[in-house]
Number of protein chains: 2
Amino acid sequence: MALIVQKYGGTSVGDTDRIRHVAQRVKAQRDAGHQVVVVVSARSGVTNELISRAKQLNPAPDEREMDMLLAVGEQETIALTAIAMHAAGLPAVSRTGAQAGIITDAAHTRARILDVTGGDIKQQLDAGKVVIVAGFQGIAKNGQVTTLGRGGSDLSAIALAWALKADLCQIYTDVTGVFTADPRVVADARQIDVISYDEMLELASSGSKVMQARSVEFAQKYAVVFEVRSSFNDQPGTTVKNEAPNMEQVMVRGVAVDTNQAKVTINDVPDRPGVAAQLFQDLAQAGVVVDMIIQNIGSDGHADISCTVAKEDVPRAEATARKVIAKLGGRLLPTTDIAKVSAVGVGMRTHAGVAAIFFGALAESGVNILMITTSEIKISVAIDPSQAGVAARAVHSAFNLDRA
Amino acid sequence: MALIVQKYGGTSVGDTDRIRHVAQRVKAQRDAGHQVVVVVSARSGVTNELISRAKQLNPAPDEREMDMLLAVGEQETIALTAIAMHAAGLPAVSRTGAQAGIITDAAHTRARILDVTGGDIKQQLDAGKVVIVAGFQGIAKNGQVTTLGRGGSDLSAIALAWALKADLCQIYTDVTGVFTADPRVVADARQIDVISYDEMLELASSGSKVMQARSVEFAQKYAVVFEVRSSFNDQPGTTVKNEAPNMEQVMVRGVAVDTNQAKVTINDVPDRPGVAAQLFQDLAQAGVVVDMIIQNIGSDGHADISCTVAKEDVPRAEATARKVIAKLGGRLLPTTDIAKVSAVGVGMRTHAGVAAIFFGALAESGVNILMITTSEIKISVAIDPSQAGVAARAVHSAFNLDRA
């Protein structure tokens, strides 16, 4: 008998048929003798509908009241899921985030988990019940309802798996697992059986958004092994866990493409200490997350600085750059869209020649590299967006990711 | 400065425009220097939609889970109302039933209020906030969400008015107050300024459903004065309070018509002790509420027994009657619809001749009386439904209710 935590996202509980399907899936686990805790999201569409209603009343609704409002979505789903399980002959009981003891700070709409007590979940499981917990929500120490922000339900499930010492944590989603590349870009991408937290995080930060980084980080911090899999079939998914020595046999685990990037460039800034520091300090204060940076020093005592930012941050980045230019000099060039292609693998730590293979593959395919960054387990390049597909396929193939 | 509790029902918060309207109405009270607690229902339609969703999954959904589900409706409204108030420049904060300290027993879907602590409402009011409380819901001592059943939001408001020692409790609804008769039946019916709890209860039990009896009973038990008024205009409504000596100057306060009644008759039952007892005991056990009863003793040692029941109870009443007949003898006559017309007033306690005026008015209008019941402050007759309007108008006029 194992204790399993399963999380179902908004599309997996999107209507009454889907909710029935979840009940059947849980029943199969119970019939196999396991204890099951189910974490559910709001039905897909509900959260957006609530937000739209609030914005009709107030373009800048209070965050505390938004949490009170949005928590409604998951509370509806837990009750409906319990009701569906009863119809399937499964004893089940629902619990809000507060009742499940998901204790958070008071940062409304983006609360951080401080502790998970589990409430009476253990007793309910021991009494033979399936326990259905509202994801995404918690309770602050002052008794106020909070929500965890984007990807919050995944985080709820992983935190509960940790608190309950679950044997298995399954994140059911609309993809069958994590792939060596986006199959829409690289046709022969394959599903990955096992991936390390670090690789998962680097893939996420490089545009492969199966899960939010914070959930993976929480799992890594508390060593919660979890599996990403599909709620629409019974195939095994991708298991995410701590790095093991045998993982390093594979040089590159996956290739990621992020096309939501732009390159902001300032030319002719005076090349003296503190100029770059000023620019990036001001960008950070403006809340702009900078990814890649290059600086070329000209022979005339001036420098050109380029950095990549998310497309939605371009207006703020340009405004900040203009302020810095007004103080220090320089010239803002037109911002251009770029694509970021990354190869990720813990195997890079022990294998030499990864960069050579990566750049060689791009060169052979005629892809021009605009910027480069590397970390211990990742190499990324910024390239023209029109070449993103060609580049991803070339790199994927160069590292033999298309072969089993 | 007064402390006012206002309750708004589902139609009063039915869409974003209506919610804005509630915000403006509360603002007017605040601008006049008052502290305001607002109790709201679910938007009209939401509760039925949730019930329908649950029934799609399970024809007999668990009551505990139904409470978890239905509590969602009011939680949505409190958040949206707070958000609308902020847009109107009003500081406001929402509280669930649990946060407002509405403590109930664990009888899910029809919980009874055990205590009302008010939570931190007093502190919030003293800090200058409008407090918006979810009606209809509470929390059991085991931490489970409960709902109060039909008319629950009125009860929440009255219970909070009691707990907070409010100066005023206003029940906003879609009628402007309590009338001397249903204006759709009696065209010259007038709105009543002040009515006693007992009169309100007798009118409610006689078919004038402005409020559920339990809310009025709670108000009477704890001497909470409240006003029933319209959220669509600024006219004063009807104040409901303890009986005062001057109320007895009026002989009859109002006339009520209930057309949801049927008469079940058994003829030729043996006239011996215990027969009627058996019948009404069995009816009570079957959950049938009997209103009027008549028994005629024939000269042949047999009796005819008639009683009135709500139309929806007719199948159960007839089935019970058949069982009694199988044991004791007798004959079930065809059940007929009847209308019940009642005159209600605490003045009956001190005025003689009320019955004479009542029956005289009916006789003059050619209305045939089938059954009669009286209480200390009420006279009711069962008549043919086709004569209900004529009878109500005749009685209304005979007691001068059409005159100011």
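Two strands pair if DSSP finds at least two bridges between them. Strands (E, at least two residues) and helices (H or I, at least four) are DSSP runs, numbered from the N terminus.

This is a predicted model: local features need pLDDT of at least 70, side-chain atom pairs count only at pLDDT 80 or more, and totals for chains, interfaces and linings use all residues. Residues are numbered from 1 along each chain as its sequence is written, while chains are lettered from A and ligands numbered from 1 in the order in which they are written.

**Exercise 1. Find how strand E13 (residues 254-270) of chain A pairs with E17(A), E15(A) and E16(A).**

Solution.
- Step 1. Take strand E17 (residues 336-344) of chain A. Eight bridges join E13(A) to E17(A), and the two run antiparallel. Opposite A:Gln261 stands A:Ile338 of E17(A).
- Step 2. Take strand E15 (residues 302-310) of chain A. Its pairing with E13(A) is antiparallel, over eight bridges. A:Lys263 has A:Thr308 as its bridge partner in E15(A).
- Step 3. Take strand E16 (residues 331-332) of chain A. Two bridges link E16(A) to E13(A), again in the antiparallel sense. Here A:Asn267 faces A:Arg331.

**Exercise 2. Describe the hairpin of E18(A) and E19(A).**

Solution.
- Step 1. Locate the strands: E18(A) covers residues 371-375 and E19(A) residues 378-383.
- Step 2. Give the pairing: antiparallel, over five bridges.
- Step 3. Check the link: two residues lie between the strands of this hairpin.
- Step 4. Name a pair: A:Thr373 is bridged to A:Ser380 in E19(A).

**Exercise 3. Work out the order and the edges of the eight-stranded sheet in chain B.**

Solution.
- Step 1. Read the order: E3-E6-E2-E1-E9-E11-E12-E10, an open sheet with mixed pairing.
- Step 2. Find the edges. Strand E3 (92-95) and strand E10 (194-196) of chain B each have a single partner strand, so one side of each is left without a neighbour in the sheet.
- Step 3. Look at one pair inside. Strand E2 (residues 35-40) and strand E6 (residues 130-134) of chain B run parallel and share four bridges. B:Val39 stands opposite B:Val133 in E6(B).

**Exercise 4. Determine how chain A is related to chain B.**

Solution.
- Step 1. Superpose the copies (least squares on the C-alpha atoms of residues with pLDDT of at least 70 in both). A turn of 179° and a shift of 0.1 Å along the axis lay chain A on chain B with an RMSD of 0.2 Å.
- Step 2. Interpret this: it is the relation of a two-fold axis.
- Step 3. Find the residue of chain A closest to the rotation axis. A:Val72 is the one, at 2.8 Å (C-alpha).

**Exercise 5. Analyse the side of chain A that touches chain B.**

Solution.
- Step 1. Count contacts (C-beta atoms, placed from the backbone, within 7 Å). 27 residues of chain A are in contact with 27 residues of chain B.
- Step 2. Find the main contributor. H3(A) gives the most to this side, with 14 residues.
- Step 3. Compare the H3 helices, residues 63-87 in each chain. Their axes come within 8 Å and cross at roughly 165°. Axes are lines fitted to C-alpha atoms, for helices over the stretch in contact, with angles from 0 to 180 degrees between N-to-C directions.
- Step 4. Classify the angle. H3(A) is therefore roughly antiparallel to H3(B) (under 35 degrees counts as roughly parallel, over 145 as roughly antiparallel, 65 to 115 as roughly perpendicular, the rest as oblique).

Terms used
Contact = placed C-beta atoms within 7 Å.
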